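User: I should be grateful for a close look at a single part of this protein, set in the context of the whole. Please treat one central strand and its surroundings, and then place them within the rest of the chain.

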Amino acid sequence: TINVRTVIKYIKIVPIKRVQIHCFITDIPVILYALADRRNTLTDLDLTLTNIAHSPSLERILSDKKGIIEQLPENAFPKLAYLSIDSSHLSHVHLGGRSKLLDILGRNLLKLSFRNLSPDGVFAILQSKCPKLVHLRMDKAHSQNDFEKYSSTHLLHLELCRCPFLLSNSLSIQFPSLKSLRFSPANRLDASQIMSLVERLPINLLELSMEIPSTLANVLVNAVSNALYSLKKLHICGSHETGFISRESLILLGNACRSLQSLQITCAYMVNPLLFNSPSDFTLLESSQLFPCLSSLHLTICDVVLSGLPGLLAHSTTLQNVTLLCRKNWIPQNIALERMCTELSMQYPHIKLELDMNFSMVG
């Protein structure tokens with residue numbers, strides 16, 4: 001941990017392209033002023049914000065006519081393409097402060113992330129503040145009404161995490177160029193809501209990531225199979241209870257989504273996994289006739305996966321990457337898993353087999 005003065009000194013010396021910093025909101029003006037010296041190199045900025053007792057609001061700080069922000073040149077960050085604002089250390093956020101920040105940083109952004117908290121009314125200002133966005137992540141957005149105020153012909157990637165509302169309008173009209181969607185709801189979805197959401201997605205969507213109740217995984221797979229024939233990447237994150245993906249749903253998916261390249265089947269809570277019914281169901285994934293383009297698998301560890309994995313690696317002619325996800329604190333099990341992965345990697349060197357112990361939930 002170093003103080004802001006040291007950070008600023010370092011910024012002025014080194015031609016930095018990417019900056020990740022955790023700071024008080026009162027420090028933002030001096031940080032931005034220092035970063036302006038790197039206006040021709042700075043491309044990525046990741047801010048994690050913390051407040052202190054009785055400090056003025058971010059809007060007031062950035063609106064100070066006598067403050068250092070007033071000395072910034074117009075278009076002070078011409079090459080800044082990515083901005084992430086993490087509000088996990090704040091209890092609330094207001095639109096005014098975020099709007100002022102986007103006035104300074106948003107003009108040339110291609111990717112914007114509001115992590116953990118988003119201000120009410122933010123979608124209504126995005127078109128004017130960030131006209132070039134192609135990738136947007138918004139956590140805990142407030143309302144469907146606000147969301148519908150934003151539309152874009154060039155937005156390609158949309159992430160709505162811990163979203164309290166359902167998408168009741170057609171994304172094909174709102175975002176006609178959309179290629180990927182990540183959606184994790186704040187509340188439990190039922191079967192009709194899952195089917196309704198999938199029906200509203202662009203038919204040419206290439207990537208879909210959704211958190212759903214594990215018992216409704218087959219509902220999602222069947223809905224995708226009936227609507228999204230161009231899909232190349234599907235991530236299903238189960239939650240709430242233990243569930244299973246059926247053999248019939250896997251066959252339907254393989255027959256419908258012939259271009260599927262990546263399949264991720266994980267869970268938000270390791271105690272309530274999303275599983276396969278049997279090893280024979282799991283090994284359907286090795287079929288090049290059913291999944292002719294499948295090159296990447298990302299799976300939560302379970303008995304069915306472990307028993308079926310050697311056969312999958314032995315018989316698949318398309319797989320290039322397999323990632324197994326487990327908890328870091330499963331020390332005895334992970335030692336055995338690491339040994340197994342090492343042995344299988346030596347046996348099948350053409351497939352990259354990884355053990356990911358950095359388990360985290362979607363969103």
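Analyst: The account below begins with strand β2 and its neighbours, and then turns to the wider structure.

The model is predicted, and every value given here is computed from it. Strand β2 covers residues 44-50. Six of its seven residues are buried, and β2 is therefore largely enclosed by the rest of the structure.

Two partners of β2 can be described. With strand β1, which comprises residues 18-24, β2 pairs in the parallel sense, and seven bridges join the two. Within this pairing, Val19 has Leu45 of β2 as its bridge partner. The connection from β1 to β2 runs through helix α2 (residues 28-35), and the resulting β-α-β crossover is right-handed. With strand β3, residues 82-86, the pairing of β2 is again parallel, here over five bridges. Leu47 faces Ile85 of β3 across this pairing. In a regular strand, side chains alternate between the two faces of the sheet.

After β2, the chain enters a loop that leads to α3 (58-62), and His54 lies in this loop. His54 is not a glycine, yet its phi is positive, at about 65 degrees. With a relative accessibility of 83%, His54 counts as exposed, because the threshold for that class is over 50%. A positive phi also occurs at Arg162, likewise a residue other than glycine, where the value is near 50 degrees. Arg162, however, is placed in a strand, β6 (residues 157-163).

The cysteines may be considered next. The structure contains zero disulfides. Cys23 counts as buried, since its relative accessibility is 3%. The closest cysteine sulfur to that of Cys23 belongs to Cys130 and is 19 Å away, which is too far for a bond. Cys161 is also in no disulfide, its nearest cysteine sulfur being that of Cys163, at 9.1 Å. Cys161 has 0% relative accessibility and therefore counts as buried.

A helix with a comparable description is α9, which covers residues 217-227. Eight of its eleven residues are buried, so α9 is largely enclosed by the rest of the structure. The buried residues are Ala217, Asn218, Leu220, Val221, Ala223, Val224, Ser225 and Ala227. Their cover includes the helices α8 (191-199) and α10 (247-256). It also includes the strands β8 (207-213), β9 (233-239), β10 (243-245) and β12 (274-276). An α-helix has 3.6 residues a turn, so residues three or four places apart point the same way.

These parts belong to a protein with 13 helices and 15 strands. For 363 residues, a compact globule would have a radius of gyration near 21 Å, and the 23 Å of this protein agrees with that. The C-alpha trace spans about 70 × 45 × 35 Å along its principal axes. Of the 363 residues, 53% are buried. Among contacts with a separation of 6 or more, 71% involve residues 24 or more positions apart. The exposed area of the protein is about 16,600 Å², of which carbon and sulfur atoms supply 52%.

To return to the part requested, β2 is a largely enclosed strand that pairs in the parallel sense with β1 and with β3.

Notes:
Residues numbered from 1 in each chain as written. Predicted model: local features only at pLDDT ≥ 70, side-chain atom pairs only at ≥ 80, totals over all residues. Heavy atoms only, no water. Buried < 20%, exposed > 50% of the residue type's maximum accessible area, 1.4 Å probe, protein only. Helix = DSSP H or I, 4+ residues; strand = E, 2+ residues; numbered from the N terminus. Contact = heavy atoms within 4.5 Å. Pairing = 2+ DSSP bridges. Right-handed = clockwise from strand over helix to strand, strands pointing away. Rg over C-alpha atoms; globule rule 2.2 N^0.38 Å. Areas by Shrake-Rupley, 256 points an atom, 1.4 Å probe, with all protein chains shown as cover. Disulfide = S-S within 2.5 Å.
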